[in-house]
Every structure is written in C-alpha cells, then in structure tokens.
Amino acid sequence: MLILQIMLYVFAAAFAVAMAVTDWRTRIIPDVFLFPFMLIGLLLGVFYGLPWIAGGIAEAVIAGCIGYALGFILNLIFKLRKSGGHDPIGLGDIKLLGAGGIWLGVTGLSIALVVACVIGLIWGLRARQKFVPFAPFFFMGGIAAIAFMMFA
C-alpha cells in the first residue's frame, strides 16, 4: 500500500510540474494535467488522508468548492471592471484553485494564495509583465503551505 501512495504522490508532482511549465510557457493550464491532479488529491484524501488537512476529506471537498468559487467571483469582479477584453483570471486558474483546495484544505489554500500572490506580484513588477502565469507561483505557495502546516 505504501508503494501505491508514493506512486500517487510522484504522479501528482509530475502533473504539477507539467501544469506549471505549460502555464509559464503558454499561459494555459490544460485539463489533461489538472483533472488527474485533482483526482489524485481526492484519492489520497479518501484512502490515506492528507496529514496536513485536519478535517479530512470533508474539509478538502469544501475547500475545493471555496477555491473554485473564489476564483470565479474574482474573475467576475475583474470582468465587471472591464479589463480590456481579456479574462484576468483564466478558467484553468479557477479550476487550479479548486484543486488546491482539495490538496490543501481551507487553511492551506489561504496560505498558498497569499504566498502565490506576493511572489507573483514581485515577479510581475520586476519583470514588468502585464500577465503573470499563476500556476508556478501557486505551487510554490502550496509547498510553503504544506511545510507550514506540517512543521508549525
């Protein structure tokens, strides 16, 4: 059983890297990487429990819904402000927030979002980029959130 659990974590890491690289290069997070990543998080949560989520699978699913809804609401707010015809937050980013909720829980999702936004903002200002790929910074925030929740 431990080998299966390790394999699932390795596959999840591979999908996360693929999403981050693809988003960095093309500004798109393909569903072909995102949905297996989300499914692996659910499988690990149901069968093994993610040790950094205190509330178990119920908290993970609720946090996934919160992440998706938060991304959807932010996108709607930015659209109402008329962002020049471009979606400021892509649907892939919104789905990634939902997957992040499944993987991180409510507390971890909030930590990951803060870290991702700060790092992304700093990078965007230094590189003078109008559009910032969200996935690489969100995964950095996710790793920071897991480390914080595991060791704090």
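Reader: Why does Arg128 count as exposed?

Author: Arg128 has a relative accessibility of 77%. Residues are called buried under 20% relative accessible area, exposed over 50%, and partly exposed in between, with a 1.4 Å probe and protein chains only. The value of 77% is over 50%, so Arg128 counts as exposed. This is a predicted model, in which local features need pLDDT of at least 70 and side-chain atom pairs count only at pLDDT 80 or more, whereas totals for chains, interfaces and linings use all residues. Residues are numbered from 1 along each chain as its sequence is written, and side-chain values use heavy atoms, with hydrogens and water left out.

Reader: Where is Arg128, and what phi does this residue have?

Author: Arg128 belongs to the loop between H4 and H5. Helices (H or I, at least four residues) and strands (E, at least two) are DSSP runs, numbered from the N terminus. The phi of Arg128 is positive, about 55 degrees, although Arg128 is not a glycine. Arg27 also has a positive phi, about 65 degrees, without being a glycine. Arg27 is found in the loop between H1 and H2.

Reader: Why does Arg27 count as partly exposed?

Author: Its relative accessibility is 38%. That value lies between the two limits, so Arg27 is partly exposed.

Reader: What makes the pair Lys95 and Asp31 a salt bridge?

Author: A salt bridge requires a side-chain nitrogen of Lys or Arg within 4 Å of a carboxyl oxygen of Asp or Glu. The closest N and O atoms of Lys95 and Asp31 are 2.5 Å apart, so the pair satisfies the rule. The pair joins distant parts of the chain, with Lys95 in helix H4 (residues 91–127) and Asp31 in helix H2 (residues 31–47), 64 residues apart. By this rule, the count for the model is 1 salt bridge.

Reader: How do you know whether Lys95 and Asp31 are buried or exposed?

Author: Lys95 has a relative accessible area of 15%, which is under the limit for buried residues, so Lys95 is buried. Asp31 has 31%, which falls in between, so Asp31 is partly exposed.

Reader: How near to Asp93 is a side chain of opposite charge?

Author: The nearest one is that of Arg27, 8.8 Å away. Lys and Arg count as positive and Asp and Glu as negative, while His and the chain ends are not counted. Asp93, in helix H4, is buried yet has no salt bridge. Asp93 touches Asp23, Ile29 and Phe134, residues up to four places away in sequence being left out; contact means heavy atoms within 4.5 Å.

Reader: Why is Phe134 called buried?

Author: Phe134 has a relative accessible area of 17%, and that is under the limit, so the word applies. Phe134 is located in helix H5 (residues 134–151). Among the residues that Phe134 touches beyond four places in sequence are Asp23, Leu97, Leu113 and Ala116.

Reader: What makes a set of residues a nonpolar core?

Author: The members are buried Ala, Val, Leu, Ile, Met, Phe, Trp, Tyr and Cys residues joined through side-chain atoms within 4.5 Å. The largest such core has 33 residues, of which Phe37, Leu96, Trp103, Phe138 and Phe139 touch the most other members. Helix H1 (2–26), H2, H4 and H5 each supply at least two residues, and H4 gives the most, with 11 residues. Outside its neighbours within four places, Leu96 has contacts that include Met19, Ile29 and Leu34.

Reader: Which residues make the nonpolar surface patch?

Author: Tyr68, Leu70, Phe72, Ile73, Leu74, Ile77, Phe78 and Leu91 make a patch of about 690 Å². Patches consist of residues with over 30% relative accessible area and no salt bridge; like charges are joined within 9 Å, and nonpolar side chains (Val, Leu, Ile, Met, Phe, Trp, Tyr) within 5 Å. Accessible areas come from the Shrake-Rupley method with a 1.4 Å probe, only the protein chains shown counting as cover for residues. Helix H3 (residues 56–80) gives the most to the patch, with 7 residues, while Leu91 is in helix H4.

Reader: How do you know whether Ile143 and Ala147 are exposed or partly exposed?

Author: Ile143 has 60% relative accessibility, which is over the upper limit, so Ile143 counts as exposed. Ala147 has 33%, in between, and is therefore partly exposed. Ile143 lies in helix H5, as Ala147 does.
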